[in-house]
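Me: I'd like a close look at one spot on the surface of this protein. Can you walk me through that part and then show me where it sits in the whole chain?

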Amino acid sequence: TIGEMYCGPGGIGLAAKNSSVTFGKKSFKFKHSWATDYDADSCMTYKNNILDNDNECLVFPEDIKDLNLKDLPKVDGFLYGFPCNDFSNVGETKGLKGLFGSLYSYGVEYINYANPKFIFAENVSGISNANSGYAFKKILSELSGAGDHGYELTANFYKFEEYGVPQSRHRYIIVGFRKDLGLKFEVPAPSMQTTTCKDALENPPI
């Protein structure tokens, strides 16, 4: 089971929906349990495209500041692309001092409550420089120490075009396993296979 905070219209959710792993003769997929975003239209898009109107998954179109995090079901995996407005190089780069910079902390609060087996977080490249590097170190430290056991984190800067994505989108992705599980995420090697926009739109046709 997975839950997603700041889900937006479903970029991370779609990746989770399309992911699976085979172990022996069994195949495993993720089951969405809940999602939340303050934009109602994004939540509607998420319901339609990611959940296929699955009524078992709870979607909360609310400001995270007004949501009781203990109303969110406990899940095996917690996903969040926490707001990047104050970390982006094209913004005012206020970092933790901005209106959005501290919103990552609600994810930490949920992890402290739910103790998921793994966490997945994503943000823009500018986060590493925000507040002279202090912001990223603080966020990593709080995620690493969250929950009852803490998390073994792997933080990596990805250039998505090196992984077959038809866009020069560069992001930090943090994957953490609960330390009592004895697991560590290994960064996959880039495929270095270039995909053009034409390829993406026509194979298969959209």
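Here is the close look, starting at the surface and then widening to the chain.

Reply: Keep in mind that this is a predicted model. The part to zoom in on is a nonpolar surface patch of about 350 Å². Three residues make this patch: Val 21, Phe 23 and Phe 28. Take Phe 23 as your anchor. Phe 23 belongs to strand β2, which covers residues 20-23. Is Phe 23 buried or exposed? Its relative accessibility is 66%, and the cut-off for exposed is over 50%, so Phe 23 counts as exposed.

Now zoom out. The protein chain carries five helices and nine strands. If you read along the sequence, these come in the pattern β-α-β-β-β-α-β-β-α-β-α-β-β-α. The radius of gyration of the protein chain is 17 Å, close to the 17 Å that the globule rule gives for 206 residues, so the chain is as compact as a globular protein of that length. For the overall extent, the C-alpha trace spans about 45 × 40 × 40 Å along its principal axes.

The contacts add to that picture: of those in the protein chain with a separation of 6 or more, 71% are between residues 24 or more positions apart. As for burial, 38% of the 206 residues are buried.

That brings us back to the surface, where the patch sits. The protein chain exposes about 11600 Å², and carbon and sulfur atoms supply 52% of that area. The patch of Val 21, Phe 23 and Phe 28 is nonpolar surface of about 350 Å².

How values were computed. Residues numbered from 1 in each chain as written. Predicted model: local features only at pLDDT ≥ 70, side-chain atom pairs only at ≥ 80, totals over all residues. Heavy atoms only, no water. Patch = residues over 30% accessible without salt bridge, like charges linked within 9 Å, V, L, I, M, F, W, Y side chains within 5 Å. Areas by Shrake-Rupley, 256 points an atom, 1.4 Å probe, with all protein chains shown as cover. Salt bridge = Lys/Arg side-chain N within 4 Å of Asp/Glu carboxyl O. Helix = DSSP H or I, 4+ residues; strand = E, 2+ residues; numbered from the N terminus. Buried < 20%, exposed > 50% of the residue type's maximum accessible area, 1.4 Å probe, protein only. Rg over C-alpha atoms; globule rule 2.2 N^0.38 Å. Contact = heavy atoms within 4.5 Å.
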